[in-house]
Every structure is written in structure tokens, then in C-alpha cells.
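Trainee: Could you take me through how pairing between strands, and then packing of side chains, should be read in a model like this one?

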Amino acid sequence: MSQQWKAICNVADIPVLGARVVHRAKQPNVAIFRNGEDKIFALLDRCPHRGGPLSQGIVFGERVACPLHNWNIQLDSGCATAPDEGCTQTFSVKVEDGLVYLDLQELNVTSSEAETA
């Protein structure tokens, strides 16, 4: 983690049990999730199964259900729950004074670079 943070949005801008999408140039989008306990998580907006948009899934507890094939992805680890297998990239999140921040270095790394790191 680089300790350089980029303000993305207010917590209130993320629907409870929903997501907000962060668009990145020439890179896959990032989805920022808010669960029922106001915990904030950030994942690459691609299911590890078939690349479905996780931001369009249903959030429950600390998981999101992929809208394509209903895979359950853990919001804290980005990994599918058994019996499914696979993980998507996670992003460091900081919430301060109602603002959501993402790690700037992680935002700028491509998903292929993150897989080899």
C-alpha cells in the first residue's frame, strides 16, 4: 500500500447493499461496495468466473452475488465461496470524515500487474 490516497466519493453516495463504479482509463472498473453495516469494500468490477459486473450484484453480509451466475464473492478477500473457486483483485479502502478513499498506487496498477505482484 502506497499510503497515497485518492478521494473517490462520500459514503452516502454508495447505496446501502449496493455499489458505485469507479471508471479507470484503459483498465477494468473498480466497484466500491457498502453493506448493511456501512462497511466499505472495493473490488475489481469483474467476477472471477466469467467477468460479470459485480457492481450490479446483490450485496448481503460481506458478500456480493454475481448477477450472471450467482457466484458469491467475499467482499474482504475478493474470493469466491466454496464450492466455487477463484478471486478478483481487492483494493485498499480508507474512510475518513465520511469520505471514501482508495490507494492511488493500486488504482494505477493494471490487473495483470496485480496478478504477478
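Mentor: Strands are DSSP runs of E with at least two residues, numbered from the N terminus, and two strands pair if DSSP finds at least two bridges between them. Here β6 (residues 63–65) and β7 run antiparallel and are joined by three bridges, with R63 having Q74 of β7 as its bridge partner. This is a predicted model, in which local features need pLDDT of at least 70 and side-chain atom pairs count only at pLDDT 80 or more, while totals for chains, interfaces and linings use all residues. Residues are numbered from 1 along each chain as its sequence is written, and side-chain values use heavy atoms, with hydrogens and water left out.

Trainee: Which strands stand at the edges of the sheet?

Mentor: The sheet is open, with three strands in the order β5-β6-β7 and antiparallel pairing. β5 (58–60) and β7 (72–74) are at its edges, because each has a single partner strand and so one side without a neighbour in the sheet.

Trainee: What is V64 in contact with, beyond its neighbours within four places in sequence?

Mentor: Contact means heavy atoms within 4.5 Å, and the partners of V64 outside that stretch include F33, L54, W71, I73 and L75.

Trainee: How many residues does the largest nonpolar core have?

Mentor: Such a core is a set of buried Ala, Val, Leu, Ile, Met, Phe, Trp, Tyr and Cys residues joined through side-chain atoms within 4.5 Å, where buried means under 20% relative accessible area (1.4 Å probe, protein chains only). The largest one has 14 residues, and V64 is among those with the most contacts inside it.

Definitions and conventions. Buried means under 20% relative accessible area, exposed over 50%, partly exposed in between (1.4 Å probe, protein chains only). Helices (H or I, at least four residues) and strands (E, at least two) are DSSP runs, numbered from the N terminus.
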